[in-house]
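Please look over the model shown below. The report after it takes the strands, helices, interfaces and backbone in turn.

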Amino acid sequence: MISLTHYLVLAAVLFSIGLFGVITKRNAIAILMGIELMLNAVNINLVAFSRFIEPSDVVGQVFAVFIIVVAAAEVAVGLAIIIALARARQTIDAEELHLLKW
Amino acid sequence: MEIVFWITAFVVIASAVGVVTMTNLIHSALLLALTMFGVAVLFVILAADFLAAVQVLVYVGAVMALVVFGVMILQRGPMNLSNMPSKHVLGGLFAAIATMGFLFWGLGSTEWPVSEAAPAATTVEPIAELLFTKYVVAFEVAGVLLTVAAIGAIILAKEVRAGD
Amino acid sequence: MIEYAWLIPLLPLVSFALIVFVTGRNRLLSAGISIAAIAASFVIAAGVGLEFLHNPETVEYGLPWVDVLGLRVEMGVLLDGISVLMLLIVTFIATLIQIYSLGYMHEDPGFSRYYSYMSLFAFSMLGLVVATNFLQLYIFFELVGLASYLLIGFWYEKHSAAEAAKKAFVTTRAGDFGLLLGILILFSLFGTFDFTELADRIAGFDNIPLLTLLTVLIFLGPVGKSAQVPLHVWLPDAMEGPTPVSALIHAATMVAAGVYLVARTYFLFANAPVALTVVAWVGGITALFAATIATAQDDIKRVLAYSTISQLGYMMLALGVGGFTASMFHLTTHAFFKALLFLGAGSVIIGLHHKQNIWEMGGLYKKMPITTVTFLVGSLALAGLFPFAGFWSKDSIFAVALEHGQVALYWLAVAAAFLTAFYTFRLFFVAFMGRPRSDHHAVESPPSMTGVLVILALFAIGVGFIGSPFIKEGFGHFIYFGKPHVEHLHMNIALTSTAVTLAGITLAWLVYSVRVTSFETLSVALKPAYLLLKNKYYIDEIYRWVGERVVEGFGFVLQWFDRTIIDGVVNGTGTLTEAIGRRLRVVHTGDLQTYALVILSGVALLFAILALVDPVKVLKLGGIL
């Protein structure tokens with residue numbers, strides 16, 4: 001029987017993978033992808049809680065809907081920023097975008 | 001049912017690992033789509049059929065399309081070197097494992113008040129009801145957020161002309 | 001009129017504000033406002049004086065100014081004998097001098113500024129006179145000092161004037177410091193600044209040494225303001241100011257503020273006999289000391305300045321030996337004849353186009369008859385010859401000194417009286433009589449000036465009679481401490497003083513007019529003494545030496561301390577911070593992923609700590625929960 005813990009562990013692993021991607025990727029779009037992975041991990045958690053703790057209620061799913069909405073907005077704005085960045089700096093390599101220092 | 005979960009879980013993890021390790025950005029993007037599709041399957045297993053549909057439509061459809069367009073617009077140089085790791089691989093590995101560690105510790109040391117009740121037969125109607133009654137304010141705010149994000153994205157991505 | 005007495009100080013303040021903010025550009029209007037204000041003050045003061053003559057009672061009223069926990073200070077009006085007297089003298093002489101200044105300052109570009117300062121001075125001086133408590137008194141004491149500073153340095157473009165103003169301000173500040181200290185101790189002991197309340201509470205106070213100490217501290221203020229030894233050095237230099245200012249402030253009124261302060265706080269001194277002795281001796285020494293210096297000065301205003309110091313010494317001496325009435329009486333007569341002398345000197349200075357050296361004058365009696373006659377009247381009053389004003393007041397001081405058995409002080413005063421007569425007539429014979437000693441074209445001054453001289457001369461003759469033994473219920477009936485003072489005629493004292501005065505005049509006449517022996521031979525024969533007096537006992541030089549060696553040496557040490565230790569610590573803090581910043585800024589790589597990594601590592605670390613220790617227990621251990 002697949003329990004709640006299975007899903008939570010899966011989500012935790014997925015979240016950590018996304019985190020790894022955010023930190024280790026040079027390409028700004030790839031960093032965005034890492035963030036999407038992390039958001040999906042959260043969604044899995046929410047839906048799993050909804051299913052196993054309050055099965056008759058769908059509040060967890062409603063929150064997942066909101067997260068999807070926010071994620072979509074984030075991707076749109078994030079990509080727009082990256083495009084603007086590419087136009088200004090001719091690169092989207094996170095390692096070369098380090099003007100913000102001493 | 002169990003076997004479906006295990007296969008899906010494997011696919012999700014493996015493709016997610018692929019997303020963060022591939023050196024070709026297009027491969028990463030496609031594997032990301034696969035991961036999200038896997039998550040949609042998990043939603044179906046969790047009796048959240050409406051959410052699964054939304055997941056497929058929004059993520060696998062819209063978001064991925066956006067990402068792929070972004071890649072196509074922005075990517076210069078050889079595609080097979082488009083997604084190289086940065087100098088933080090070891091640090092990232094440490095951070096990821098540490099995060100996983102405390103997440104495991106957190107969920108292992110918590111008593112979950114699991115309920116054995118049957119899941120709701122349909123999800124679309126209850127979700128709609130909640131969205132338009134209890135969470136109507138949040139719903140409206142989300143709508144505003146989307147509008148703002150859409151306008152903001154257009155303004156940000158727009159070509160800057162001389163004189164603007 | 002008594003209920004309107006608060007207007008007396010306030011009118012000049014209004015005039016000051018008007019001149020400064022409104023009419024500054026219009027010279028004559030400014031002068032008119034100022035004179036009108038002070039004249040109106042005089043009229044009110046005269047009304048108050050008349051009422052006081054009918055009904056000599058102390059009146060006090062005021063508005064609460066500061067009223068906080070444990071501290072209640074009023075700004076008010078205290079009208080008793082001495083304050084009414086001072087109100088009259090100050091407003092009357094100030095009115096005359098402001099009229100006189102119309103002629104004297106006529107061509108000065110700072111005409112309006114001059115009148116605004118004069119109004120400010122009148123406001124401060126009158127506020128000081130009517131003060132009901134120590135705090136009000138102190139404030140106006142300082143304001144008077146400020147006005148004096150402004151007026152001494154009136155011609156601030158002249159280096160010596162600017163220097164003199166600074167000197168006056170700094171020197172009097174030294175005395176005021178003692179005054180402030182005394183006032184604060186007094187307040188901490190009795191919890192009030194109010195004179196009337198203090199007088200009640202002092203009576204039962206039995207810690208005489210402490211009372212003596214604070215009384216002497218308070219006396220330091222008058223020492224500075226009334227130019228007593230050793231803080232007298234500023235007054236001769238104050239003659240850098242316009243001559244009417246010298247007459248008003250540095251001869252007739254402000255310098256008397258010190259004497260007035262002692263009189264006003266006489267209830268303190270009366271309870272501290274040692275302090276009173278200090279007052280008497282400081283006064284006596286000052287009287288003689290300044291008189292000796294005056295015999296060797298060449299500048300007409302400096303001679304008068306030293307004579308002022310000497311006369312102020314008399315007033316202090318009188319207060320010190322218990323002659324409250326005699327002191328106030330001398331203050332009154334002195335105000336008139338010294339104002340007269342200074343204004344006469346001013347008339348001479350104007351007539352000679354700003355020559356002040358008496359050896360360049362001579363023969364002025366032909367060219368400036370009114371000035372000469374009035375100056376002679378002033379000189380006789382200063383020398384104290386019967387029946388001029390100075391005779392009565394000086395004799396009453398002598399009498400008081402003898403009555404209280406202060407024989408040493410009495411002879412000190414008599415010696416000073418001899419010198420006074422001598423230097424006064426030295427000045428008169430050299431400057432006014434004989435033939436012109438230089439090629440000067442003296443002309444008599446305009447009527448606005450000579451008129452004032454004549455009025456003052458009449459007072460210099462007549463004002464002495466109010467305190468003479470011939471008048472029942474005269475001066476001493478209204479101005480006294482304890483019980484009313486009745487003047488008696490002391491034939492032996494009167495004869496002694498007259499003899500001494502005549503001797504002084506005769507000596508001056510022999511040396512400087514008929515030249516039995518020439519001044520030059522005398523100065524050579526008595527060279528060391530002459531040089532000592534000419535250089536004012538080298539006191540300025542001593543102060544300068546102290547200032548340069550001791551104070552500057554100390555300052556050098558402090559500067560070193562400031563530069564190396566204080567600045568070292570301050571700059572060291574800055575350098576250290578900068579050095580740390582220089583090292584730490586490397587952390588800011590600008591690389592987003594490094595930041596993310598650090599943040600996540602920090603979160604992981606926090607979770608690790610939370611996993612290992614229970615935060616609630618830690619807080620309980622630390623006593624926070």
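## A hairpin in chain C

How many bridges join strand β1 (residues 59-68) of chain C to strand β2 (residues 71-79) of chain C? Nine bridges do, and the two strands run antiparallel. Strands pair if DSSP finds at least two bridges between them. Strands are DSSP runs of E with at least two residues; helices are runs of H or I with at least four, and both are numbered from the N terminus.

β1(C) and β2(C) form a hairpin with two residues between them. G70(C) sits in the turn and has a positive phi of about 80°. Two pairs serve as markers along the ladder. V66(C) stands opposite V73(C) in β2(C). G62(C) has G76(C) in β2(C) as its bridge partner.

## Basis of the model

This is a predicted model: local features need pLDDT of at least 70, side-chain atom pairs count only at pLDDT 80 or more, and totals for chains, interfaces and linings use all residues. Residues are numbered from 1 along each chain as its sequence is written, chains are lettered from A and ligands numbered from 1 in the order in which they are written, and side-chain values use heavy atoms, with hydrogens and water left out.

## Two helices in chain B

Helix α2 (residues 25-45) of chain B packs with helix α3 (residues 49-74) of chain B. Their axes come within 9 Å and cross at roughly 175°. Axes are lines fitted to C-alpha atoms, for helices over the stretch in contact, and angles run from 0 to 180 degrees between N-to-C directions. α2(B) and α3(B) are therefore roughly antiparallel to each other (angles over 145 degrees count as such).

The residues of this contact divide into 19 nonpolar, one polar and no charged. Nonpolar covers Ala, Val, Leu, Ile, Met, Phe, Trp, Tyr, Cys and Pro; charged covers Asp, Glu, Lys and Arg; the others, Gly among them, are polar. Contact means heavy atoms within 4.5 Å. From α2(B) the participants include L32(B), M36(B), F37(B) and F43(B). From α3(B) they include L51(B), Q55(B), Y59(B) and M64(B).

## Interfaces

Chain A puts 68 residues in contact with 81 residues of chain B. The area buried between chain A and chain B is about 6,600 Å², and carbon and sulfur atoms give 80% of it. Buried area is the accessible area (1.4 Å probe) that two parts lose on being put together, summed over both.

Between chain C and chain A, about 920 Å² is buried, with 61% from carbon and sulfur atoms. G590(C), Q593(C) and L600(C) supply 47% of the area that chain C buries against chain A, more than any other three residues. Zero salt bridges are found across the interface of chain A and chain B, and zero across that of chain C and chain A.

## Salt bridges

A salt bridge is a side-chain nitrogen of Lys or Arg within 4 Å of a carboxyl oxygen of Asp or Glu. The structure holds 16 over all chains. One of them joins K158(C) and E240(C), at 3.4 Å from N to O. K158(C) lies in the loop between α5 (134-152) and α6 (159-190) of chain C and E240(C) in the loop between α9 (234-237) and α10 (243-252), so the pair ties together parts 82 residues apart in sequence.

## Backbone notes

V229(C) and P230(C) are joined by a cis peptide bond, with omega about 5°. P230(C) lies in the loop between α8 (208-225) and α9 of chain C. The peptide bond from F386(C) to P387(C) is also cis, with omega near 0°.

Terms used. Parallel < 35°, antiparallel > 145°, perpendicular 65-115°, else oblique.
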